[in-house]
Amino acid sequence: MSKIIAAKTIVTCPGRNFVTLKIVTEDGTYGIGDATLNGRELAVEAYLTEHVIPCLIGRDAHQIEDVWQFLYRGAYWRRGPVTMSALAAVDMALWDIKGKVAGLPVYQLLGGACRTGVMVYGHANGETIDETLANAADYVEQGYKAIRLQSGVPGLKGTYGVSKDRFFYEPADSDLPKETLWSTEKYLRSAPDLFRAARERLGWDIHLLHDVHHRLTPIEAARLGKDLEPYRLFWMEDATPAENQDGFRLVRQHTTTPLAVGEVFNSIHDCKTLIQEQLIDYIRATVVHAGGISHLRRIASLADLHHVRTGCHGATDLSPVSMAAALHFDLSIPNFGIQEYMRHTAETDAVFPHAYSFADGMLHPGEAPGLGVDIDEDLAATYPYRRAYLPVARREDGSMHDW
Ligand SMILES: O=C(O)C(=O)C[C@H](O)[C@H](O)CO
Ligand SMILES: [Mg+2]
């Protein structure tokens, strides 16, 4: 028994907002978990403070599964991004505590390493194809084996996924949602040009990925998948809004471009049809939004039965605590595919000192007991919360468009 005697949330904004849960046990051991939900941070913070933390006090920190079941089954209003992010933070923090008490990195508790490192993909983007490919060439030089390419769409000012900074990308950059312009026709004309040029310039020894950000109908996604086939993408991500899972049947019938989806999923119930019918190749559900390490392992086990591999979301709105948790998970499961890696800024890295490291296109979680990430609470307190939103998209006629 390792009784939980205290828990609290820490909200900080070292360039962007993060919510962290800290759980302390009677022997003074503490664990941390990420509870960040981009643009809705304080909803999770309040859910944890008002509804979860009171239920944690007095429980055994070692009973990770029982605590998970208590908070999930006992919630009645279960699932959904707020609830599952809060539950994820508890789960991560308890795995962190267990690792620290055992003196082992979490991946060892999950069965040990299945691979020497975790292949990651970086983000190369630019206003033009030339700019995007120049940035991609830098990633190749840094040793990356896989790169996501996003480029501005000719005729559209500012495209989601395209940043001004070469290496640091923060789309939640406005205190109210910024309205951007979208044209499916223009995008569908330009996206294949990007990948044709990429293969000419970068060759075939690098994995190329692309994120459509849920912006196409199934038949449009099918056409893009076909147009991209000659360039052999590692995956086409979020081709169509994921609520309408029937849409994936149509996309699947028309293209052999591998499909990835799942960053907005919160539970195994969101992905089970797509996995069981083999309508996707990569499931991108992530530790923080899908109930923590414990629940993500269930999703991965189901996926493994159906030849679906993982590709955890890893944008900058997931804190270094989530990144570490994802790396322990990635290292330990048989059907790992790839891990997204959008580097955090130096300010964020200073607030969250961590043991994970990058070399030769791979990340490794390191050998520190637990998750191997800490939070400098004094430094965190110097960065107060600032409301920040992702942009929204309108079509050229002014109507709202899907993400
Ligand atoms: O990283 C990705 O694949 C994304 O699509 C980034 C998301 O837009 C971002 O995490 C939303 O909060
Ligand atoms: Mg995405």
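This passage walks through a predicted model of a protein chain, from its overall form to one sheet and one helix.

The protein chain contains 13 helices and 15 strands. How compact is the chain for its length? Its radius of gyration is 20 Å, close to the 22 Å that the globule rule gives for 403 residues, so the chain is as compact as a globular protein of that length. Along the principal axes, the C-alpha atoms fill a box of roughly 60 × 45 × 45 Å. Of the 403 residues, 58% are buried. Contacts also reach across the sequence: among those between residues at least 6 apart, 74% join residues at least 24 apart.

A good place to begin a closer look is the N-terminal part of the chain. Here three strands form an open sheet in the order 1-2-3, with antiparallel pairing. Strand 1 (4-12) and strand 3 (30-34) stand at the edges with a single partner strand each, so one side of each has no neighbour in the sheet. From one strand to the next, the twist averages 20°. As a reminder, strands of a sheet pair through backbone hydrogen bonds, either parallel or antiparallel. In this sheet, eight bridges join strand 1 to strand 2 (residues 18-25) in the antiparallel sense. One pair to look for is valine 11 with its bridge partner in strand 2, valine 19. Helix 1 (residues 41-56) packs on this sheet, where it touches strand 1 and strand 2. The direction of helix 1 makes about 175° with that of strand 1.

Further along the chain, helix 5 (residues 129-141) lends itself to a simple check. With 13 residues and 1.5 Å a residue, helix 5 should span 18 Å, and its end C-alpha atoms are indeed 18 Å apart, which agrees. Which residues of helix 5 are buried? They are Thr132, Leu133, Asn135, Ala136 and Tyr139. Seen down the helix axis, these buried residues fall within an arc of 160°, so they line one face of helix 5. The face turned away from that buried side carries the exposed residues Asp130 and Glu141. What do the buried residues of helix 5 pack against? Their partners are strand 4 (118-126), strand 5 (146-151) and helix 6 (184-202). Just after helix 5 comes glycine 143, which takes a positive phi of about 100°.

Note on methods
Residues numbered from 1 in each chain as written. Chains lettered and ligands numbered in written order. Predicted model: local features only at pLDDT ≥ 70, side-chain atom pairs only at ≥ 80, totals over all residues. Heavy atoms only, no water. Helix = DSSP H or I, 4+ residues; strand = E, 2+ residues; numbered from the N terminus. Expected span 1.5 Å × (residues − 1). Buried < 20%, exposed > 50% of the residue type's maximum accessible area, 1.4 Å probe, protein only. Arc of directions from axis to C-beta. Contact = heavy atoms within 4.5 Å. Pairing = 2+ DSSP bridges. Axes fitted to C-alpha atoms, helices over the stretch in contact; angles between N-to-C directions. Rg over C-alpha atoms; globule rule 2.2 N^0.38 Å.
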